[in-house]
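Q: I should like a close look at a single part of the model shown here. Please describe that part first, and then what surrounds it.

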Amino acid sequence: MSTAGLRAQFPIFAAQQGTPFHYLDNAATGQICRAAAEALWHFETRARANVKRGVYRLADEATTAFQKARQEVAAYIGASDPDEVIFTSGCTLAINTAAHALALRLRPGDEILISELEHHSNIVPWQMAAARTGARVRAIPVTPEGRLACDRLDDLVTGRTRIIAVTHASNVTGAVTDVGALRDAADAVGALLLLDGAQRAAHGPLDVQTLGCDLYAFSAHKMFGPTGAGALWVRKDLLLDLPPFLGGGEMIRRVEIERSTYAPPPHRFEAGTPPIGPVIGMGAAAAWLATLDWAALGRQEIELTARTLEGLQSLDGVRIVGPVGTQARIGVVSFAVEGIHPHDVCQMLDEFGLALRGGHHCAQPLMDAFDLPATVRASLAPYNDAADVDALIEGLDTVIRRLR
Amino acid sequence: MTEKLYNDAIIAEAKANHAHGRLEAPDRSVTCDNPLCGDRITIDLKLAGERIAALAQKTRGCLLTQAAASVIGQRAVGAEPAEIERAATELRRLLAGEAVAPVWPELAMFAPVKAVKSRHECVLLPFEALREALEGKLAPGG
């Protein structure tokens, strides 16, 4: 499918026609694809009812659609069983669910290994789990290129390491994690491995079974679905063993005044009415994404990432924060402009219809590691093209001339 | 909108960066962060009674934060808390879109920021730091 053909599958582009629109903030949120938008709209206007309980026709259809979404999401990530997929409100709740459920296995002095590359949503839940249990949070440092320093794993993974929780792909540097090295390190000490897939999930189907992780968290809105939905995949044997996080309706087997028993997974982890419409939209997005030619889209992403890197490096005083090559990365490129604050850059780029994020990207430890307050970030999606990248480089050149 | 937002006065004020630096042995010292973007300002004060006798600001921030800190650097010395409070209130009213002739005339340059809600905190951060300093945050070790 051509880029124009792809754009026709995203309603935002028709809505923005007539004004310059270069959307390069896909790492923050992707645009919703037509399949997801229509599924969401259909549910909310034609088939709206609560799920898992009602027996009337509409409720049964809603439950069927919700379960179909579970199958579609499971298929997209290569889960062996749809019931390994827990729906949440987003990646943040997915990681919090994991952190809370796994915290009960922690003892004082145990270690949780994260990294300096993490989004705050894969740092703070583990700090909270550590505070409750007396465990300790340690971090894999980053290399100067913005990758996990996996050569430090021998020192950092100890007999007390119980959980390793790291990003699958960085939301700042774009670096893709060497999961094999982490799996080996985790296996050596019997630790569990969680991957934060918020960024990676939008860049093509996954195979969690061969990837080597035990838990995988991701969100719908970054993979061109609605906001308000996400998922946590947990390997079946582990999932069956985990206690619930949130209590409420839908997650129980029987409730008495003093005690309750819980439903089997995934319902044990889906307390209350779930975000039904967004989940159905997430399923539709996953199903549509699975039909795309990801070999071609992968080549396109590499070409545009290279064009972005080369263009940025041609500008005076622009420094790439992250890998400068195209290997083992996604199309997320952060950079600093000497003497100009990222917010000023982004505010002025907006004048040219360029949507980019400037800030710490919820990764303050990484900013500290690079001794930067913030960066500007360009992040690509399949609907981006060379014109978007060229507009960025030209706009940035103008901003630098004006503000320096 | 951006051209107006980044008017020449704001750019010039940010570059002027009045009272940039640190004071030796300040009576008050406060560091304030903008949690949304990580920008940071440190304000040091020396006081003569309630009046600000000397002030220094060290700002790591965008042009808007830098310019607001510079206005404080230029205007706050000699002022008492009531005048600072009046200036801060007038700045908030400006950002809310009201027509105001501020006691510190330079603050009028921030009027275009009213159109960009996400940037209001950038302008207000130095005033927040100054308010905290005046309310009695002690210098480290003080």
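The part in question is the open sheet of chain A.

A: The model is predicted: local features are reported only at pLDDT of at least 70 and side-chain atom pairs only at pLDDT 80 or more, whereas totals for chains, interfaces and linings use all residues. Residues are numbered from 1 along each chain as its sequence is written, with chains lettered from A and ligands numbered from 1 in the order in which they are written.

Helices (H or I, at least four residues) and strands (E, at least two) are DSSP runs numbered from the N terminus, and two strands pair if DSSP finds at least two bridges between them. The sheet of chain A is built from 4 strands in the order β11-β12-β15-β14, with antiparallel pairing. Its edge strands, each paired on one side only, are β11 (318-321) and β14 (357-359) of chain A. Neighbouring strands of this sheet are turned by 30° against each other on average, direction ignored; axes are lines fitted to C-alpha atoms, for helices over the stretch in contact, and angles run from 0 to 180 degrees between N-to-C directions. In general, strands of a sheet pair through backbone hydrogen bonds, either parallel or antiparallel.

Within the sheet, β11(A) joins strand β12 (residues 332-337) of chain A over 4 bridges in the antiparallel sense. A:R319 has A:A336 of β12(A) as its bridge partner.

The loop between β11 and β12 of chain A holds A:G322. A:G322 is buried, because 26 other C-beta atoms lie within 10 Å; a residue is buried at 20 or more such atoms within 10 Å, exposed at 12 or fewer and partly exposed in between, with C-beta atoms placed from the backbone. Leaving aside residues up to four places away in sequence, the residues that A:G322 touches include A:E145, A:G146, A:V172, A:T173, A:G174 and A:A175, together with A:V333 and A:S334; contact here requires C-beta atoms, placed from the backbone, within 7 Å. A:G322 and A:V142 are 180 residues apart in sequence, yet their C-alpha atoms are 9.9 Å apart in space.

A helix also meets this sheet. α13(A) lies across β12, β14 and β15 (375-379) of chain A, and runs at about 160° to β14(A). This helix links the sheet to the contact with the other chain: α13(A) gives the most to the side of chain A that touches chain B, with 4 residues. The contact as a whole takes 13 residues from chain A and 12 residues from chain B. α13 (342-349) and α14 (364-370) of chain A each supply at least two residues of that side of chain A. The side of chain A that touches chain B has 4 nonpolar, 6 polar and 3 charged residues, where Ala, Val, Leu, Ile, Met, Phe, Trp, Tyr, Cys and Pro count as nonpolar, Asp, Glu, Lys and Arg as charged, and the others, Gly among them, as polar.

As for the wider setting, an unreviewed UniProt entry lists residues 22-392 of chain A as "domain: Aminotransferase class V"; such positions are given in the numbering used here, feature names are shortened, and annotations may be inferred rather than shown by experiment. Over residues 22-392, chain A is 37% helix and 18% strand, and the end C-alpha atoms are 8 Å apart. The partner, chain B, has 5 helices and 3 strands.

Methods:
Two residues are in contact if their C-beta atoms, placed from the backbone, lie within 7 Å.
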